[in-house]
Amino acid sequence: MTFWILVTLMALTVAALLALSMLRARAAAEPAAAYDLRVYRDQLAGVDRDLARGVIDAADAERIRTEISRRILAADTQMRAEAEGAGQSRRKVGLAALVGAVVIVGGTMTLYSRLGAPGYGDLPLQLRLDIAEANRTDRPGQAEAEARVPPQPALQLEPGYADLLEKLRDTVAQRPDDIQGHMLLAQHEANTGNFQAAYTAKGRVIALLQGDASPQDFTEQAELMIRAAGGYVSPEAEAVLFEALRRDPEYGPARYYWGTMLAQIGRPDLAFNTWARTLQTAPAGTAWGQAIRDQIGELAMRAGVNDYTPPAPPADTASLPGPRREDVEAASEMDAETRAEMIRGMVTRLSTRLATEGGTPQEWGRLIGALAVLGDTDRARAILEEARQVYAESADALVLIESAAQKAGLGE
């Protein structure tokens, strides 16, 4: 209540000062008729002096006095009218001052109630740092965060794909030490939105790799955990990201999620510094690099940085969607029928998207390579010809496509 009283008094003081300046300006302004009256009186006295010196005769003096008197009466009438108008103007000024006071007080309260934090105490820097650390220490765990995520509608899977996924689950359950099987399971569980099973499978991959797990492995598991929690970085996910950054402090995807965590706990300053440095070397075409670009402007504002301009993206690209050649070859541990069906499903989805929505030269190259691995060289050549037509006017794109064709054994 004290705050609102002070704000009201300050607003009323400002309104009163504005009204006072308006009234003073009005009072200081002299009517134009007052100046005319002084001039006419001086002229009237001059007539008497001219008559005494014999400059004019009595008849001219009387005629001039009559004309000046007429002008004095007209000026006096005008001055009285202006005086009456001044009274009305003062009333108008008073009304304007009252309206201004209402607008200033009401507008101040309305604006603060929407943008401010009524009842919120002062937050010195050290207190804000303590709150951020408390948020980091006491925030909900992974299980609690997942329980808060609203249930999502189940994806409608193609019957053939659903059967293959069940077969993959059974196969992995029977072969708990099969790294490639767990990698495929993590990928396909994620494709179906089953992120809990996906990050569990990814965790098994990391355990089987023992000390050979890469920063990418840890980051992928953390990403699955974050997606399972609806975008929230839990303490468990933070620990996994820490392992990724311990192996490679400059690994971009891990740094993106680390900055996300810092922003969530109330440290936009550290989050901005992390993202700004990461963006300096972020390759073009990466999902995490684009995510940083989309959000760093708002984060800079929260961090108190008002003149930040993101750097221009580099020319090269990386991390494109769709099946990579390595992904296709990673399925070699599965039986031939299951492996072929799964790969064909991935290839079909990418092929459909490229045909309907288009894509980058790298994605066309991946499709060509995947078809070559499947042994479908005729279709790979057809895709190669189509890609050549799509990018006929882009020499750089054609270089990438021809390079992918050479790697797939389709060079001419």
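Here is a chat between a visitor and a guide about a predicted model.

Visitor: What makes Glu-144 and Arg-148 a salt bridge?

Guide: Their closest N and O atoms are 2.6 Å apart. A salt bridge needs a side-chain nitrogen of Lys or Arg within 4 Å of a carboxyl oxygen of Asp or Glu, so this pair passes with its 2.6 Å. Side chains of opposite charge can pair when their charged atoms come close.

Visitor: How are the two placed in helix α5?

Guide: They sit 4 residues apart in α5 (residues 142-148), which means about one helical turn separates them.

Visitor: Why is Arg-148 called exposed, and what is Glu-144 called?

Guide: Exposed means over 50% relative accessible area. Arg-148 has 57%, so it counts as exposed. Glu-144 has 41%, and partly exposed covers the range between 20% and 50%, so that is the label for Glu-144.

Visitor: What about Arg-169 and Glu-166, how do you know that their side chains meet in a salt bridge?

Guide: Here too, look at the N to O distance, which is 2.6 Å. The cut-off is within 4 Å, so Arg-169 and Glu-166 qualify. They are 3 residues apart in helix α6 (residues 159-174), again separated by about one helical turn. As for accessibility, Arg-169 has 26% and Glu-166 has 39%. Both values fall between 20% and 50%, so both residues are partly exposed.

Visitor: What makes the pair Arg-204 and Asp-177 a tie between parts of the chain?

Guide: First, the side chains of Arg-204 and Asp-177 meet in a salt bridge, at 2.7 Å from N to O. Arg-204 lies in helix α8, while Asp-177 lies in the loop between α6 and α7 (179-191), so the pair ties together parts that are 27 residues apart in sequence. Asp-177, at 57%, is exposed, and Arg-204, at 31%, is partly exposed.

Visitor: Which residues do shared salt-bridge partners join into one network?

Guide: Glu-67, Arg-70 and Arg-71. And if you search the whole structure, you find 18 salt bridges.

Visitor: How do you know that Val-103 is exposed?

Guide: Its relative accessibility is 53%, and exposed means over 50%, so Val-103 makes the cut. You'll find Val-103 in helix α3 (residues 58-115). Together with Leu-95, Leu-98, Val-99 and Val-102, Val-103 forms a nonpolar patch on the surface, with about 490 Å² of accessible area in total.

Visitor: What is notable about the phi of Gln-210?

Guide: Phi of Gln-210 is near 55°, a positive value in a residue other than glycine. Gln-210 sits in the loop between α8 (195-209) and α9 (215-228). With 64% relative accessibility, above the 50% cut-off, Gln-210 counts as exposed.

Visitor: How does the reach of helix α13 compare with the expected value?

Guide: α13 (residues 287-302) has 16 residues and reaches 23 Å from its first C-alpha to its last. At 1.5 Å a residue you'd expect 22 Å, and the actual reach is close to that.

Visitor: Where does α13 bend?

Guide: At Ile-296, by about 45°. Ile-296 is also among the buried residues of α13, which include Trp-288, Gly-289 and Leu-299. Buried means under 20% relative accessible area.

Visitor: What do those buried residues of α13 pack against?

Guide: Against α11 (252-264) and α12 (268-279). Just after α13 comes Gly-304, with a positive phi of about 85°.

Conventions. Residues are numbered from 1 along each chain as its sequence is written. This is a predicted model: local features need pLDDT of at least 70, side-chain atom pairs count only at pLDDT 80 or more; totals for chains, interfaces and linings use all residues. Side-chain values use heavy atoms; hydrogens and water are left out. Buried means under 20% relative accessible area, exposed over 50%, partly exposed in between (1.4 Å probe, protein chains only). Patches are made of residues with over 30% relative accessible area and no salt bridge: like charges are joined within 9 Å, nonpolar side chains (Val, Leu, Ile, Met, Phe, Trp, Tyr) within 5 Å. Accessible areas come from the Shrake-Rupley method with a 1.4 Å probe; for residues, only the protein chains shown count as cover. The expected span of a helix is 1.5 Å times one less than its number of residues. The bend at a residue is the angle between axes fitted to the seven residues ending there and the seven starting there. Contact means heavy atoms within 4.5 Å.
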